[in-house]
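Welcome! Work through the exercises below with the model open beside you, and try each task before reading its solution.

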Amino acid sequence: MIESMNLVILITSILVIVAVFTSLVSFRVGAPLLLVFLVVGLAAGEDGIGGIMFDNAPLAYFIGSIALALILFDSGFETQLRTLKIAAGPSVVLATFGVMITTGVIGGVTWLVLDVPWLVALLFGAIVSSTDAAAVFFLLRVGGINLRDRTRSTLEVESGSNDPMAVFLTISLVELIVLGGGDNVAFELLQRFVLQIGLGAVFGLAGGVAIVQMINRIKLEPGLVPIITMACALSLFGTTSILGGSGFLAVYVAGLYAGNKQMRMSVGVRRFQHVTTWLAQIAMFVTLGLLATPSEFGTVLIPGVILALVLVFVARPVAVWLCLMFFNFSRNDTAFISWVGLRGAVSILLAIVPMVEGVPEGQLLFNTAFIVVITSLLLQGWTIRRMARWLGIIVPPRHGPVDRIDLELPGNANQEIVVYRVHDASAVATGQRIPRWARPSLILRDGTSLRPHSAGPIQGGDQVYIITPPRHVDLLDQLFAGPAEGANDVELFGDFSFPASTRIADIGRLYGFAVEDDDSELTVADILERDLADNLELGDRIVYGTVELIVRRTDDEHGVIDVGLAVEQQVAKPKRKIPIFQSRSELLLIWKDWQKRRHAQKDAARTAKLDSDAYPQDLLEEVTEDLPEDVADDVPDDIAGDDAPEPDAASDDPGTKGNHP
């Protein structure tokens, strides 16, 4: 027994080590990290070189559920309130209606492809309906793809919040299949939805409040604070699930609340959760890889690939378009959001539920879901950066790379110590002064501690210790960061730079271009915000007269700080505009144009009819009565009209021709 336990510990630790080192492949070649971990599990499984026999589906589901709960709590904890405000509406719609639309579309195709009962087909649609938060976060945050805040926030919040909906649909459909559906399946699902989502949201909010109050009021050893936070999150997950609510939604809401409140030791909690989340991802992905049996995939390979292609090219795009058309996303942003719909560990985890609950088609659904996930990762995971560039939605970064370490002060002080390693080309290293509210407390230079007043000008390579409120850290990042990619690109940001408060009339006089009278008192920021509406991003530009105004620097609220001026207008490449994913405003324009064309056709038909009636019979007779008889008789019938009166008997008399009756 002891030898078996030691063997399990050895094998588990080796798998974790291999998974960590193989993750380097993901960073080097851009492979999705989830795919790497799954491959490790498959290689160690019964059909791989490891030959490990693992077929305990309940244990795999248990490990996966704990791991997913920790991942969702961390996802909520890392979601900033500003991000939530930007993307709350579209993300919630995608996480609810988007999941249901995807379930319906895939369910219909599954019914045709796999030839299973319609309730089982809907179950498979629910299994693969949610995106994978771990894969999306890794590809967007670690992959270095810089998107507009609204697009990025929508993807991150959706991927973290759509799992509870998929779990609810999967478990509810499994219960209906096993216990037998009633006469009104839709009503039963609605009842379950209200109960699970309602209890999950309420318990999650209450749990988040309880976690924050407990951490702030009870003095615990600093090393115990992250542990008790994680334990509280898992307790909340278990309690909510036992009472019939959605435990996954509860931990996400609790993390969202706690992460946006002032909580003691929050920096330490974040670090601990970062480590725990990585370990949870590795454990879940490798376990699911071990559970799979690739030798059984042959019978479902073609149906699985077909369902994956339908999911990627039909179900996900349709769901995203229908959900986002009312939020006026651009076509390219909508297309990118639909493409970043990677399926991952959640889909494989949910595919275990039918096997555990004894659904006859459980193994078929699990194998098919595995094929769908692998296809999705191979097709979408490797092409996200290329798709973003092809659609032209990548925006310049706000600042360059920054080397920063956060150290939290003990107690309840609303301050933290931020340590920066000064970049040689940063604003501070090139002479810009540090604000008074962020004076350094200590400077390390070449291994020597220096007091700020005796250190002289800050130099590249210095380590600067600053005590500051957490909300000011983003501002300091801009001072200590290296130059952003393309920061000095004249084609991207223009020849000259002006503060946003500069009047357009002053610039017009300086560079000799005409300014409209109504714009003479407006600043360059006013002009940009008027023409580009809200949500300005770096690099956005407009043509004004003979010059171009360019957004050069913005704050966290997308307010313009600096404006670039391009004296010679660049020949801009036409932005790629795909022929689908029209927004609500574009659909309204299409509708109005169709209405105009319809009215124009009606007017043309009415005019043609009036023209055909322009020569009534009495006028025609007046015109022809003075003509000779032989000429009048030769007037064509089509001129006289089809409804001209037939000549009566009296008309045969030559003496009556030309007389009105």
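## Exercise 1: Two serines

**Task.** In which helix does S65 lie, and is S65 buried or exposed?

**Solution.** Start with the location: S65 belongs to helix α3, which covers residues 57-78. This is a predicted model, and the values here are computed from it. Next, take the relative accessible area of S65, which is 7%. Buried means under 20%, so S65 counts as buried. Then look for the residues around it: leaving aside those up to four places away in sequence, S65 touches F237, F248 and L349. Finally, try a distance: the C-alpha atoms of S65 and M284 are 8.5 Å apart in space, although 219 residues separate the two in sequence.

**Task.** Now do this for S585: which helix holds S585, and what is its relative accessible area?

**Solution.** S585 is found in helix α23, residues 584-612. Its relative accessible area is 34%. That value falls between the cut-offs of 20% and 50%, so S585 is partly exposed. For a distance across the chain, pick F327: it is 258 residues from S585 along the chain, and their C-alpha atoms are separated by 9.4 Å.

## Exercise 2: Helix α14 and its partners

**Task.** At what angle do α7 and α14 pack, and which residues make the contact?

**Solution.** Two packed helices are described by the angle between their axes and the distance between the axes. Helix α7 (residues 149-161) and helix α14 (residues 331-339) meet at about 25°, and their axes are 11 Å apart. Angles under 35 degrees count as roughly parallel, so α7 is roughly parallel to α14. The crossing of α7 past α14 is right-handed. On the α7 side the contact uses T151, T154 and L155, and on the α14 side D333, F336 and I337. Sorting these residues gives 3 nonpolar, 2 polar and 1 charged.

**Task.** How do α14 and α17 pack?

**Solution.** The angle between α14 and helix α17 (residues 384-391) is about 170°, with 10 Å between their axes. Values over 145 count as roughly antiparallel, and therefore α14 and α17 are roughly antiparallel to each other. N332, A335, F336 and W339 of α14 meet I384, M387, A388 and L391 of α17. This contact divides into 7 nonpolar residues, 1 polar and no charged.

## Exercise 3: A sheet of four strands

**Task.** In what order do the strands of the open sheet stand, and which ones are at the edges?

**Solution.** Reading across the sheet, the 4 strands follow the order β6-β9-β8-β7, with antiparallel pairing. The edges are β6 (496-499) and β7; each has a single partner strand, so one side of each lacks a neighbour in the sheet. From one strand to the next, the twist averages 30°.

Now check the pairs. β6 pairs with β9 (residues 560-566) over 4 bridges, where P499 stands opposite D562. At the other edge, 4 bridges join β7 to β8 (residues 547-554), and R541 has I550 as its bridge partner. β7 and β8 form a hairpin with 2 residues between them, and G545 in the turn has a positive phi of about 65°.

**Task.** Which residues of β7 are on its covered face, and which helices lie across the sheet strands?

**Solution.** In a regular strand the side chains alternate between the two faces of the sheet. In β7 (residues 541-544), I542 and Y544 make up the covered face, while R541 and V543 are on the uncovered one. Helix α21 (residues 504-511) lies across β6, β7, β8 and β9, at about 150° to β6. Helix α22 (residues 524-532) also lies across β6, β7, β8 and β9, running at about 110° to β7.

Note on methods
Residues are numbered from 1 along each chain as its sequence is written. This is a predicted model: local features need pLDDT of at least 70, side-chain atom pairs count only at pLDDT 80 or more; totals for chains, interfaces and linings use all residues. Side-chain values use heavy atoms; hydrogens and water are left out. Buried means under 20% relative accessible area, exposed over 50%, partly exposed in between (1.4 Å probe, protein chains only). Contact means heavy atoms within 4.5 Å. Two strands pair if DSSP finds at least two bridges between them. Axes are lines fitted to C-alpha atoms, for helices over the stretch in contact, and angles run from 0 to 180 degrees between N-to-C directions. Angles under 35 degrees count as roughly parallel, over 145 as roughly antiparallel, 65 to 115 as roughly perpendicular and the rest as oblique. A crossing is left-handed if the near helix is turned anticlockwise from the far one by less than a right angle, and right-handed if clockwise. Ala, Val, Leu, Ile, Met, Phe, Trp, Tyr, Cys and Pro count as nonpolar, Asp, Glu, Lys and Arg as charged, and the others, Gly among them, as polar.
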